[in-house]
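Visitor: I'm new here, and I'd like to know how you back up the words you use. Can you show me around?

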Amino acid sequence: MFFPEGRIRVHLYGQPCDMRRSYDGLQALVRHAMGQEPLDGGLYVFVNRRGSQTKCLYFDRSGFCIWGKRLEAGRFIGDWSRVTTREMDWTTLKLLLEGLEGRRVRKRFALPS
């Protein structure tokens, strides 16, 4: 999987997904549950209920591709109550695949003297 980092759109499905789903099942989730078009070149990420497995679906001009990852220890998502279906950036996806949950942090700036 080789994507230019600034151009790829990553969409996370905000509910647990059955990892037995394959191309057609994941494509149906993208269309009907997420309201997106799976042929648009975006990357669609699905995580299982336990948070230990993930599958990514994308279209690469000639057909659909799926790749997956299973963590031996830890979880991709620790608390499903905080997860929503959303678009995220490439860096957040990389953190998620490493087992780290990204969250928004506000920077506090000192006022000039």
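Here is a short chat about what the labels rest on.

Guide: One thing before we start: this is a predicted model. The protein has two helices and five strands, and along the sequence they come in the order β-α-β-β-β-β-α.

Visitor: Why is cysteine 17 called buried?

Guide: Buried means under 20% relative accessible area. Cysteine 17 comes in at 6%, so it counts as buried.

Visitor: And what makes cysteine 56 buried?

Guide: That cut-off again: under 20%. Cysteine 56 sits at 0% relative accessibility, so the label fits there too.

Visitor: How many disulfides does the structure hold?

Guide: Zero. To count, a pair of cysteine sulfur atoms would have to be within 2.5 Å.

Visitor: Why is arginine 61 called exposed?

Guide: Exposed means over 50% relative accessible area. Arginine 61 has 82%, so exposed is the word. You'll find arginine 61 in the loop between strand E3 (53-59) and strand E4 (64-70). It also has a positive phi, about 75 degrees, although it isn't a glycine.

Visitor: Stepping back, what share of the protein is buried?

Guide: Of the 113 residues, 37% are buried. As for the outside, the accessible surface is about 8,000 Å², and carbon and sulfur atoms account for 47% of that.

Visitor: And which share of the contacts joins residues at least 24 apart?

Guide: Take the contacts between residues at least 6 apart in sequence: 56% of them join residues at least 24 apart.

Notes. Residues numbered from 1 in each chain as written. Predicted model: local features only at pLDDT ≥ 70, side-chain atom pairs only at ≥ 80, totals over all residues. Heavy atoms only, no water. Helix = DSSP H or I, 4+ residues; strand = E, 2+ residues; numbered from the N terminus. Buried < 20%, exposed > 50% of the residue type's maximum accessible area, 1.4 Å probe, protein only. Contact = heavy atoms within 4.5 Å. Areas by Shrake-Rupley, 256 points an atom, 1.4 Å probe, with all protein chains shown as cover.
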